[in-house]
Amino acid sequence: MGDDVFYLTTPIYYVNDVPHLGHAYTTVVADFIARWRRLQGREVHFLTGTDEHGLKIARTAEARGLKPKEWTDQIVPRWIELWDALDISNDDFIRTTEERHEEAVQTFMQALHDRGEVYLGTYEGLYCVGCEAFKVPEDLVDGRCPLHGTVPEVVEEDNYFFPLSKYKERLIELYRRDPPFVAPEARRNEVEGKVKQGLEDLSISRTSFDWGIPIPWDTSHVIYVWVEALQNYITAVGYGSDPAMFASVWPADVHFVGKDILWFHTVIWPAMLMALDLPLPHKVFAHGYLQVGGEKMSKSKLTGISPLDLLPTFGSDAYRYYFAREISFGMDGNFSWESMAARYNSDLANDFGNLASRVLTMAQRYLSGVVPSAPQADELTGSEADIIETFISSFRAMEQAVDELAPHDALRAAWVFVRKANAYVEATTPWALAKSGDSRRLEVVLYTLLDSLRLLALILWPIIPRAADELWRRLGNTGSISTATYGVDARPGLIAAGNATVVGAPLFPRIDEAVAAPR
Ligand code: MSP
C-alpha cells in the first residue's frame, strides 16, 4: 500500500510571521530530495503548507486588529512567494483553514471518538503559546520555556483527552524498527528514552478560545492545534475524501522536521494513527537548528534574516546549494554571510562555473561550437577512463547519500567529479592539442568535457535547477532536464554529436567577498 508514490513532507509552518532561514532550510532540502527522486523515475508527491489555527495565530491577528483568517490570508502569500523564489517544486500546498482539511480532520476525530479513543477530563497545567504545547516543570529552565524564553501560562479547563499512555509499548517497538522510523539515531535514542520514562494522556481540545476546528460531537471545544496540524499529512492526500489517492500516496516515505518538533511527529502522530489502524509513515527525519553568526535567530538582533534578503546577491540556486552543502543534515548549523560568499566563490563560481565557461569557450574556439562525434573505444586513453570512472563512483555515492538523507554528502560527492573534470582539463591541455594540430585527440578531449558538463547538469539539477537548465541548453540539448531519467540519461557518452553549443555569461559570476556583506 502507498509504496508506488514517494511521498515527502515539510512541517506546515506557523504563519504568525514571515519565513526565516530556518523554515527555508527544511523546505530547500526536501525539494532537493523530491527533485532527485523524480529524476530517478519515481512518482513523487511533495507536500508543504501552513498551520493557521491556535492561540499563537489568534493573538498575532488580534494584535493587528484583524480576524485570524484575515491575517492568515494576508500572510500566506508571503510564504508562497518565498517558495516560488526558491524554485520549490511542491506538488501541493495545504492550508489548515481549507475545507478539505477541516472536514477530514473532523472525520478523523469522530473516528477516534467512535472507537473509544477519546475521553473527557480536566487539564490543569502549563501551556507555552510559542510552542503551542503543554509543558511539565522539567521542560522549563528557571520557570521559562527554553525555546521562547517566556513563562508558560497556567491553564485549567475541561478537555477531551487521547489515551496516549496506552501506546507506550507499541511506540517503543516502532523505534526499534528497521529501517529506522526515527533518524538520525541520536534522535531515536532521545525519543525512545523519553517514552520509556512514561507517557501522559494528551489533552486534545480547548475551550478558552475558538480559533480552531470544532470537535464534531461537542462544538464548544476546538481541536488542539498540534493534533489537527499533524493530520495535514493525510488530509492533503485524500484521507476521508479520496480513498484511491490515499491508498496510493499514504504512508509518507519521510516527514522532514526540525528537532524541536520531534516529539509531536514520533510520539503523538504515530500513536494517533495506531489508534485508527492507519499505516504509519516510514520515517521521520529531524534536522538540527540553524543559528545566524553563532546566535539564535531573532528579529530584534538582526539575526532574523529573511531568505529574500539573500537572493539579490546569491540567487536561488546558490541559496539552495549553500544550505544543503554547508550544514550536515541532522546536525545544528550556522549561517554567516561570509561563509555563504566563500562557498559561493569556491564551489560555484570557481569549481563549477569556471569549468563550464572554459569548456564552452574551448568548444567555441576550437570546434566552432559543434559537439564532435563520440570517441570510439580505441580512441580513449587512461585519462578518459579515469574521468568516466569518477563520474560513475560520484553518482553512485550521490544516490546512496540521498537514500541516507545526507544531502551534504551527496553534494560533496558531486564535487569530486567537478574537480576531476577540472583536473582533466589541466592534464589534457586542449590548448596545446589545438596548437599541435592533433585535431582528433582535441575532439575526443572536448567531447569528454562537454559530456561531463551534460552529466553535471543532470546530477546538479535537483539542487541548482536554474543553472543546470541553462547549461543543458548551452550544450545544445532540447527539452528540459525535468523530463530526464537517471537510469537512461545519467550515463557517459550520450551528448549528441552535432549539437550547437553556446558560451553565454558566467553561470555564477564571482562575488567580491569584501564588499558582499550588507553594512
Ligand atoms: N506549525 C508547526 C509544525 C506543524 S507540522 C504538523 C511548527 N511550525 S514552525 O513554523 O514553528 O516551525 C516549522 C519548522 O521550522 C520546524 O521544523 C522547525 O524546526 C523549523 N525551524 C524553525 N526555526 C529553525 C531554525 N532556527 N533552524 C532550523 N529550523 C528551524 O513548528
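**Backbone geometry, ligand shell and a helix pair in a predicted model**

Glu132 is placed in the loop that runs between strand S4 (119-128) and strand S5 (133-135). This residue is not a glycine, yet its phi is positive, at about 50°. The structure is a predicted model.

Two cis peptide bonds were also examined. One joins Ala183 and Pro184, with omega of about -5°. Pro184 sits in the loop between strand S7 (182-183) and helix H6 (185-196). Another cis peptide bond links Trp250 to Pro251. Here omega is about 10°. Pro251 belongs to the loop between helix H9 (243-249) and strand S12.

Strand S12 (254-258) also takes part in the ligand site, where it supplies at least two residues of the shell. The same holds for strand S1 (5-14), helix H1 (21-39), helix H7 (225-230) and helix H8 (232-235). S1 gives the largest share of this shell, with four residues. In total, 23 residues surround the ligand. Those that come nearest are Ile12, Asp51, Gly258, Asp260 and Leu290. By class, the shell holds 13 nonpolar, eight polar and two charged residues.

Polar contacts to the ligand involve both backbone and side-chain atoms. At Asp51, a polar side-chain atom is 2.7 Å from a nitrogen atom of the ligand. At Ile12, a polar backbone atom lies 2.8 Å from a ligand nitrogen atom. At Tyr14, a backbone N or O atom is 3.1 Å from an oxygen atom of the ligand. On its own, the ligand has 660 Å² of accessible area, and the protein covers 94% of this area.

Further along the chain, helix H12 (residues 337-367) meets helix H16 (residues 439-460). Their axes come within 10 Å. The crossing angle is roughly 140°, and the crossing is left-handed. On the H12 side, the contact is made by Phe352, Leu355, Ala356, Val359, Leu360, Met362, Ala363, Tyr366 and Leu367. H16 contributes Leu442, Glu443, Leu446, Leu449, Leu450, Leu453, Leu456 and Leu460. The residues in this contact comprise 16 nonpolar, no polar and one charged.

Technical notes: Residues numbered from 1 in each chain as written. Predicted model: local features only at pLDDT ≥ 70, side-chain atom pairs only at ≥ 80, totals over all residues. Heavy atoms only, no water. Near = heavy atom within 4 Å. Polar contact = N/O pair within 3.5 Å; in protein donor to acceptor, adjacent residues only side chain to side chain. Areas by Shrake-Rupley, 256 points an atom, 1.4 Å probe, with all protein chains shown as cover. Nonpolar A, V, L, I, M, F, W, Y, C, P; charged D, E, K, R; others polar. Axes fitted to C-alpha atoms, helices over the stretch in contact; angles between N-to-C directions. Left-handed = near helix turned anticlockwise from the far one by under 90°. Contact = heavy atoms within 4.5 Å.
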